[in-house]
Amino acid sequence: MECFIKTYLTLCLILFTLNSWAGTSQLIVIDCPIGEGKAVGKTRTSYSQFNTGLDFLPIGQGAFPVPPPECEENGFFVYKKNFSKDEVKKLENFIFSDDYQNLVKNENVSSFFKLAKIYEYMEYPILDYYDLYLVDIWKFGEEENSEEYKKTANQIISKYEKVTVTIGLYPDTSKHLVYINYLLAELYRRTGEFEKAAEKIKWASKNNYNDLDKDFIDFQRYLINKKNSKFYKIRQKKEIMN
């Protein structure tokens, strides 16, 4: 099974384009497979992106990814078309638990964090959902590094460090490792851990075989060397480095 935003992130990370499209979306209403009632969401048919953060935050009208339809009664996200009876039974145990419902009631918890917790509970391969934690931190947008940002970043760092240890269990992981080490460099830099950031960007640079645009790595390395923890967009590279 492939994470539902993998195609989106592939466009962001690999093709990286600054072209622009008009942003439009359509409403989705489907039956909820867990419990009763309907699940409501949107599908984006087009969007406009004119810049990208060094954390791959897409900047532009309608460029932010949309989660799958969410069940109105219990907060479950319908992330695929069909669920087996065994999957429904297992999901019900989690979705109706106090742990998950507390996440649903907390307005500060993003849809993508909740979805990542569902994937985690279902014991899907980490490569199917590690990028959901990345999207979760995008909720801070271009804000400077608040304590809440640092708290969230440290949680993601913990997850991603574990991924670098276990990722060898899966095939074709070299591209993922480049992204993950680069993102660790970004998160360590933003939280002021410059030595750790330098180690990660060094690894990403050494092992990057056209997986990631070199401008991201060069700009990231420059900011780490300058001990600069601010948020930047890739289009600011020439302005800052010149």
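This is a short dialogue on how to read some features of the structure above.

Visitor: What kind of model is this?

Guide: It is a predicted model. Keep that in mind as we go.

Visitor: How many helices and strands does the protein chain have?

Guide: The protein chain has ten helices and five strands.

Visitor: How many residues does the protein chain have, and what share of them is buried?

Guide: The protein chain has 242 residues, and 48% of them are buried.

Visitor: What share of the contacts joins residues 24 or more positions apart?

Guide: Take the contacts in the protein chain with a separation of 6 or more. Residues 24 or more positions apart account for 62% of them.

Visitor: Let us try one helix. How many residues does α8 have, and how far does α8 reach?

Guide: α8 runs over residues 194-206. That is 13 residues. From first C-alpha to last, α8 reaches 18 Å. The expected span at 1.5 Å a residue is 18 Å, and α8 comes close to that.

Visitor: Which residues of α8 are buried?

Guide: They are Phe 194, Ala 197, Lys 200, Ile 201 and Ala 204. These residues cover an arc of only 120 degrees around the axis, so they sit on the same side of α8.

Visitor: Which exposed residues does the face turned away carry?

Guide: That face of α8 carries Glu 195, Glu 199, Lys 202 and Lys 206.

Visitor: What covers the buried residues of α8?

Guide: The cover includes α6 (147-166), α7 (174-190) and α9 (214-225).

Visitor: Lys 200 is on that list. Why does Lys 200 count as buried or exposed?

Guide: The cut-off for buried is under 20% relative accessible area. Lys 200 has 15%, so Lys 200 counts as buried.

Visitor: What does the side chain of Lys 200 make a polar contact with?

Guide: Its partner is the side chain of Glu 161, at 3.2 Å. Now widen the view to every residue that Lys 200 touches, leaving out those up to four places away in sequence. That gives Glu 161, Asn 181, Leu 184, Ala 185 and Tyr 188.

Visitor: Next, Gln 220. Where is Gln 220 found, and is Gln 220 buried or exposed?

Guide: Gln 220 is in helix α9. Its relative accessible area is 0%, so Gln 220 is buried.

Visitor: Which side chain does a polar contact join to that of Gln 220?

Guide: The side chain of Arg 189, at 2.5 Å. Gln 220 is also in contact with residues beyond four places in sequence, including Leu 54, Tyr 182 and Ile 201.

Visitor: Where does α5 stand, and how many of its residues are buried?

Guide: Helix α5 covers residues 130-137. Eight of its eight residues are buried. Among them are Tyr 130, Asp 131 and Asp 136.

Visitor: How do I read the sign of phi?

Guide: Most residues other than glycine have a negative phi. A positive value in such a residue deserves a look.

Visitor: Where is phi positive here?

Guide: Take Phe 56. Its phi is near 70 degrees. Phe 56 is in the loop between β3 (51-52) and β4 (58-59). Take Lys 227 too. Its phi is near 50 degrees. Lys 227 is in the loop between α9 and α10 (237-241).

Visitor: Is Phe 56 buried or exposed? And Lys 227?

Guide: Phe 56 has 0% relative accessibility, so Phe 56 counts as buried. Lys 227 has a relative accessible area of 58%, so Lys 227 is exposed.

Visitor: Now the empty spaces. How many cavities of 30 Å³ or more does the structure hold?

Guide: The structure holds two. The largest cavity has a volume of about 40 Å³.

Visitor: Which residues line the largest cavity?

Guide: The lining is Asp 55, Leu 134, Ile 137, Ile 156, Tyr 160, Leu 183, Glu 186 and Leu 187. α5, α6 and α7 each supply at least two residues of that lining. α7 gives the most, with three.

Visitor: How much space lies in the second largest pocket?

Guide: About 220 Å³. Its lining includes Leu 103, Phe 113, Asp 136, Lys 139 and Glu 148.

Visitor: Which helix gives the most to the lining of that second largest pocket?

Guide: α6 does, with four residues.

Conventions
Residues are numbered from 1 along each chain as its sequence is written. This is a predicted model: local features need pLDDT of at least 70, side-chain atom pairs count only at pLDDT 80 or more; totals for chains, interfaces and linings use all residues. Side-chain values use heavy atoms; hydrogens and water are left out. Buried means under 20% relative accessible area, exposed over 50%, partly exposed in between (1.4 Å probe, protein chains only). A polar contact is a pair of N or O atoms within 3.5 Å; within protein, one must be able to donate a hydrogen and the other to accept it, and residues adjacent in sequence count only if both atoms are side-chain atoms. Contact means heavy atoms within 4.5 Å. The expected span of a helix is 1.5 Å times one less than its number of residues. The arc is that of the directions from the helix axis to the C-beta atoms. On a 1 Å grid over the protein atoms alone, a cavity is a set of points where a 1.4 Å probe fits but cannot get out, and a pocket is an open set with protein on both sides within 12 Å along at least five of seven lines; lining residues have an atom within 4 Å of a point. Grid points are joined across faces, edges and corners, and a volume is the space filled by probe spheres set on the points.
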